[in-house]
Structures are given as structure tokens and as C-alpha cells.
Amino acid sequence: MSPKHDRRDKIASRAVQIGFLFGVILLWYLGTAYWGISRILLPNPVNVWTELKDIIASGEFLPDLRVTLTELAVAFTISCTTGVSIGYLISRSQYLIKVFEPLIASLYSVPIILFLPLYVLFFGLGEGSKIAIGTSISFFPIVLNTIAGFGYVDKIFITAARSMGASDVQMFRYVLLPAAFPVILTGLRIGFTVALLSILGSETIASLEGLGHRIVHLAEAMETARMFAYISFVVVIAAFLNTAVSALERRAKRR
Amino acid sequence: MSADSTAIRVRDVSHQFGEPGDAQFVQALQNTSLDIVRGELMCLIGPSGCGKSTLLNMIGGLLTPTTGAVAVHDKPVRGPLPHDIAFVFQENALFPWCTIIENIKLGMVFQGVPKSEQEPRARKALEAVGLKGFMSHYPAQLSGGMRQRAALARALSLETGTLLMDEPFGALDEQTRMVLGEDLSVLLSRTEKTIVFVTHSLGEAVFLADRVAVFSARPGRIKEIIAIDEPHPRKPAFVTTEKFAKLRNSLYELLHEEIRKTVDQSAAMGAAP
């Protein structure tokens, strides 16, 4: 297919996607303005928009956003460093891969969010328990992808480099690392997404501050319009962060 | 044959995978000896699993023989000798994350070539294989034949005395193989390299080799060595001569029986519970 054709297809599907979103908002508006849906259950989108403008103009969101992003940054940094280094160490031996890969994979399927009450007990209601939950959930995809990346490098590349006299350091830098990099990067992207999800989620369950906390607080106060405004705000932030991470991943993988 | 004309000396090597009695035990090569003369192209041909690739890897120091010894230029081979031996593998062994020229330079980085020499040597090698216009492409952007040319360029740039080629054209279609074979013959007639070339193709063996070593079925030994007395570079027309046909036929006769044995062996293995 020609690139021109490709682009036209892409524009067409984008148009359908935008039209769909627009249709949902329109239904939402009609439902609240004319079809008598309770304003407490579902506020009018116009009200939500007004609240959203107020939230942004007043800068009221800043402390909560800072808390959530700090938790995310700390959790992601910890899970990256531990996940990549532990994954690398495991990948160095076929025996360790055989023992630990299935073990870690089965732990990954445990709903770790169930440990939140325990984490709250250990680390308190504040940032500590959120960092703990974000770290332990995002650790798994990162460590598993690191094992997969380093552990399953095509043998022919290693043999070829060895035949040309590559030292261990050269082998790591020029062969293992670039071969594993795209796979690890996918793990980092998944880890980032689940860290963000679990931190926001745990903030809505038990917390003192943060965006998730703010949303629950508004729900309990029956300020539905403002709550919806906060939800939209968080959705935009999350979409922005995920798009940024995916773009970084694509850029690093291109070639 | 005087002693110092021998480039590669293989003495009584055997190789087995696993221990006798194991289910996976394979005697790949048995008590094989072979002298390869400096500057000649020696083809190894034989049925699948006869150990010809195993022998190549032992010469290159990628495998250690279970018994026996290999020496290259009187140096005993105990591991890879990147300054003496370069490989061209059957599979695509170019690094997919590097461009063609980066691939070639990386080989020289591994071998320890000074940085200032890398660029001119890489360009020279690419020119020799006719890929000068593709040096900034990634391997995935090239055809299979071009990728093997690039792999050959990488091996040439290392400027080793010996080149080991493990079915380098094995994954290519017939026409591409023929063209690459012709080009290789021209290219190699200009160098003094000693080459060991593993192939499945009778025609390729006759067209390229100075001598062809025919292997027996597993456990592999060298059954016979046939000399191909025809100067390099060989013309494409060589393929249509009676001499070519005769040599090819005699190779076929030698091999046919061994291939039968191999097929019967694997049928017997398939029938076992």
C-alpha cells in the first residue's frame, strides 16, 4: 500500500474515533439535560466543564497531583532498578531462569492489590503504602521482560561475536544490551502503566492525599460534577503520560 | 606437500554430544584427520548430521574436540582465534540493530582494529562485495543474498588468513546462490585466503572448491577427497562443461550411498517408541 493511501486510512480511522467520543458526550448531554437522569448520579457535561476550568484556574489540583506523581516516580524508579538488575542476574544462568521465571510469572498473576491493607499497616496511610503497592505491582512485568530480553538472545549473535574476539564487556555492551533493549523497554512501559493504575486505585481505597483520594472525597461529599471534572483531569494526565512513554518506546525501538 | 604449506591440520578428532548410553548421545565425528593447504578452498560435503559443521566449528575454536587436536598455522586451537580465522555463518548473523557498515566496524572493534583503520577497511570490504551503496541500510532492509554478501564483507574486513563458511548460501534460492558463487570465486582468486566451505550442494562444491572432502554418514568420517583441477576465477561456463558434469556425478555416487544410510538411520529412529 502506498504511504499516501496509508495516511488517508489513518486519518479516516482517527475521524471515526473522534466522532465516537463526540457521540458519547452528546448522549451524555442529552441524557442529563432532556431525559431526566439524576444530576447526582450523572452531572451535566456543561457543569463538569465549568468545574474543570475552575480546578485548573485555581491550581487547587497541584498538591494532589504532586503527591501522586511523586509516588509514581519513586515507585517506578525502585521497580526499574531492582527489576532490571534482578532480571539480568537471573538471565545469566539457564538454571536460574528455569527456577525463577515460572515462579515470578505465577506471582505476577496474584492480585497484589490485596496486600494494600498490609502495606497500610506497614507503611502508613500516606505515600509509603502507595509507593509500596506501585513498586510491587510494576516490578513483575519489568523483571520478567528483562529475563526474556537477556535470557533469549539469539545464540548466533553470541557465537558470531565470540568468533570475532568480543570480550565479556564488549559482548554485554554491543550484543546483549542492544538485543535485549526492546524487550526490556516493553516491560518498562507495562510497568509504568500498572504502577500508575495501582497508585491511583490504592489512593481511592485508603489514603490521606493524592488525586485518587480527592476523587473519593468529592464522591462522599456528593459533589458529583466536581468529581467528574477531577476524573476527566486524571484521565487526561494518565493518557498523556502513557502516550509519552509509548512514544519514547517507539522511538528507541525504531530501526 | 611440504610441512609449512599446511594451513590447517586436523589430527584424529572425534566429537560426541552427551555420554555413551544417554538418550541424546550422538557421535558426530569419528577419528577424522585432514590437512588443508594454504590458499586452497576446501569444501566439506556430506549427509545431514555427518559432522561437517562440527568439524568447521572445531577448526574455528567454537567447539572443543572430545579427542584429537586442531592446529591453524601450527598454533593449537583452544578457542576462537579472531586474528587468524573469520566465520561466515549460514543464518543471518548480522546484528539487526546495526547498519551494514556498523556491523562491519563492530567486527573490527571486537578484533581490536585501531579506530582510524576501521572506516577505510569497512568501505573496501563493502566495495569488494558490491554493497557500497547499502552501507547505511539495516540488515532487515536487504534481501537474503545481500545480507550474506554483507556477512562476507564483515569476514573479509577482519583480514584473517583463514575463512570458515558454514553453508553461507544455504538459505538462499538457487539463482542467488549461483550468482554469489560466481562472485565468490572471482573475489577469492584475488586473495591468498585459506577457505573451508561447508555445503549441501554438489554443484556449489565442484564450482568453488580446489578439493572436496566427502563425509560418510554418522558417525562421520572423511570418505574420500576429490581434487577439482580448474583454475580460479571460474567462469560461469564451467558449469556446462563435461568435466564439471563428470566431477559432479562422481561426487553424487560417493554421496548417494551415505545419504541413503542417513535416511534409513532417521527412519529407524522415528520407528522406535
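In this predicted model, B:R11 is in contact with B:S33, B:G68 and B:A69, leaving aside its neighbours within four places in sequence. B:R11 is found in strand β1 of chain B. Is B:R11 buried, exposed or partly exposed? It has 15 other C-beta atoms within 10 Å. A residue counts as buried at 20 or more such atoms and as exposed at 12 or fewer, so the range in between is called partly exposed. B:R11 is therefore partly exposed. Another residue, B:K52, is 41 residues from B:R11 along the chain, and the C-alpha atoms of the two are separated by 15 Å.

Strand β1 of chain B covers residues 6-17 and pairs with β2(B) in the antiparallel sense, over eight bridges. In this part of the model, B:Q16 stands opposite B:Q27, a residue of β2(B). In general, strands of a sheet pair through backbone hydrogen bonds, and the pairing is either parallel or antiparallel. The open sheet here has four strands of chain B, in the order β2-β1-β4-β5, and its pairing is antiparallel. Which strands stand at the edges? They are β2 (26-37) and β5 (75-76) of chain B. Each has a single partner strand, so one side of each is left without a neighbour in the sheet.

Chain B as a whole has seven helices and 10 strands. Its radius of gyration is 19 Å, close to the 19 Å that the globule rule gives for 273 residues, so chain B is as compact as a globular protein of that length. The C-alpha trace of chain B spans about 55 × 45 × 45 Å along its principal axes. Of the 273 residues, 42% count as buried. Among contacts in chain B between residues at least 6 apart in sequence, 70% join residues at least 24 apart.

The largest nonpolar core has 122 residues, and those that touch the most other members are B:M42, B:C43, B:L44, B:I59, B:F197 and B:A209. For B:I59, leaving aside neighbours within four places in sequence, the contacts are B:I8, B:V10, B:V70, B:V72, B:V77, B:L164 and B:V196.

Both chains are assigned domains, as the table shows.

| Chain | Domain 1 | Domain 2 |
|---|---|---|
| Chain A | residues 1-37 | residues 57-253 |
| Chain B | residues 3-84 + 165-271 | residues 88-159 |

In chain A, the C-alpha centres of domain 1 and domain 2 lie 31 Å apart. In chain B, the centres of domain 1 and domain 2, taken over C-alpha atoms, are separated by 24 Å. There, 13 residues of domain 1 are in contact with nine residues of domain 2. On the domain 1 side of this contact in chain B, the elements that give two or more residues are β7 (162-166) and α5 (174-189). The most come from α5(B), with three residues. By class, this side of domain 1 has eight nonpolar, three polar and two charged residues.

The two chains also touch each other: 15 residues of chain A are in contact with 18 residues of chain B. On the chain A side, α7 (155-163) and α8 (168-205) are the elements that give two or more residues. Which element of chain A gives the largest share? It is α7(A), with seven residues. The side of chain A that touches chain B has nine nonpolar, four polar and two charged residues.

How values were computed:
Residues numbered from 1 in each chain as written. Chains lettered and ligands numbered in written order. Predicted model: local features only at pLDDT ≥ 70, side-chain atom pairs only at ≥ 80, totals over all residues. Contact = placed C-beta atoms within 7 Å. Nonpolar A, V, L, I, M, F, W, Y, C, P; charged D, E, K, R; others polar. Domains from an automatic or database assignment. Rg over C-alpha atoms; globule rule 2.2 N^0.38 Å. Core = buried A, V, L, I, M, F, W, Y, C linked by C-beta atoms within 7 Å. Pairing = 2+ DSSP bridges.
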